[in-house]
Amino acid sequence: MTPTEPDDTTLARRFAEWREEESVRTPAFERVVAAPRRSRAGAWQRPTLVFAAMTVVAIAIVRGRAPSTAGAVPEIAFTAGTLRVPTDFLLDQVASVRAGEVPTIGSVDWYPLPVDDAPTTIAPRRRN
Amino acid sequence: MLALPAFDLRDELHRTHSGAFAWAVHCCRGDRDEAEEVLHVAYAKVLEGRARFEERSTFRTWFFGVIRLTAHEQRRWRWLQFTRLERWWQDTEGERDDDDRHAHAEDERIPALRAALGRLSRRQQEILHLVFYESLTIQDAANVLAMPVGTARTHYERGKARLRALLAEEPTP
């Protein structure tokens, strides 16, 4: 042990000083038994309420910023008669073929034979 | 079975109050408000019979163990209750307790001792506090901390050596 090192007695004395200083600050026994300061003040309830209020406000802000969908008209409506798809022109051509009409090759309105006249079987190609 | 009648229990608690509060402050890492609450809960446990003294050790040793366990329980509970927010509230509230008024008056040697103690391991702090501050034997301190006496002695010797070294480093006035 070097001369500058406090021995056990010195340590004990320093702790005793600390104890003496603390004893002045010790709350009264009866007070602690009755209720601690924190509980008396109900302090634990207030931050909980603050937290709840902050949560409600945050939710309100988030919901306020989000675009509302109430009353908005959807851009795509599947209403009978108005639905248009890219292959609709095929249906139009079928409808445009009339009985007795002979389509000309190269015509825009050309359409193959009616379905009823189409061959039911297709002869397989023969390979040489 | 209660070893002591209720009125004796209260007297015993009153007798150990000062040391019990200091130990509670230590278990609460210096938070005096929290220590007060922990001590209140510990007193309630004893007086309501939820913690029973069975005379396996001295009353003081047993009660210090109760305080330590209560502090651990309270810390877990407090974490669930958003302690940080609570502390923030209290800090902003500017609520100054009477105890703080004495803070400026304390000897410079005491903060130095506390600071040096704070640099030790948790176990070393606990054992030195119990032995030097509370004047418990190493055996009793080991009982409070629920550890074998050999382990307690090791923590005590190492902690004491380190504390001496740290205090020797402090500048002399």
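Start by selecting the buried residues of helix H2 in chain B: His17(B), Gly19(B), Ala20(B), Phe21(B), Ala22(B), Trp23(B), Ala24(B), Val25(B), His26(B) and Cys27(B). Keep in mind as you go that this is a predicted model. The selection takes in most of the helix, since 10 of the 11 residues of H2(B) are buried.

Next, pick out His26(B) within that helix, which spans residues 17-27 of chain B. The side chain of this histidine may catch your eye, so check its surroundings: His26(B) is buried, with a relative accessible area of 9%. Show its neighbours further along the chain, and you will find Arg122(B), Gln125(B), Glu126(B) and His129(B) in contact with His26(B), leaving aside residues up to four places away in sequence.

Now step to the end of the helix and select Cys27(B) and Cys28(B). Why is there no bond between the sulfurs of Cys27(B) and Cys28(B)? The two sulfurs are 6.5 Å apart, which is too far for a bond, and Cys28(B) holds the closest cysteine sulfur to that of Cys27(B). The view from the other side agrees: Cys28(B) is in no disulfide, and its nearest cysteine sulfur is that of Cys27(B). Searching the whole structure gives 0 disulfides over all chains. Both cysteines are nonetheless covered: Cys27(B) is buried at 3% relative accessibility, and Cys28(B) is buried at 5%.

While you are here, move on to Arg29(B). Just after H2(B), this arginine has a positive phi of about 55°.

Time to visit the other chain. Select Val32(A), which sits in helix H2 of chain A, residues 29-34. Is Val32(A) buried or exposed? Val32(A) is buried, with a relative accessible area of 0%. Display its contacts and you will see one partner in chain A, Pro27(A), along with His17(B), Glu36(B), Leu39(B), His40(B) and Tyr43(B) from chain B, again leaving aside residues up to four places away in sequence. You have already met His17(B), among the buried residues of H2(B).

Tyr43(B) leads to the last stop, the largest nonpolar core, which has 54 residues. Select Tyr43(B), Phe63(B), Ile67(B) and Leu163(B) together, as these have the most contacts inside the core. Colour chain B by domain, 1-105 and 106-173: both domains give residues to this core, so it lies between them.

Finish by centring on Ile67(B). Its contacts are Ala20(B), Trp23(B), Ala24(B), Val38(B), Leu39(B) and Ala42(B), not counting residues up to four places away in sequence. Ala20(B), Trp23(B) and Ala24(B) bring you back to the buried residues of H2(B), where the tour began.

Conventions
Residues numbered from 1 in each chain as written. Chains lettered and ligands numbered in written order. Predicted model: local features only at pLDDT ≥ 70, side-chain atom pairs only at ≥ 80, totals over all residues. Heavy atoms only, no water. Helix = DSSP H or I, 4+ residues; strand = E, 2+ residues; numbered from the N terminus. Buried < 20%, exposed > 50% of the residue type's maximum accessible area, 1.4 Å probe, protein only. Contact = heavy atoms within 4.5 Å. Disulfide = S-S within 2.5 Å. Core = buried A, V, L, I, M, F, W, Y, C linked by side-chain atoms within 4.5 Å. Domains from an automatic or database assignment.
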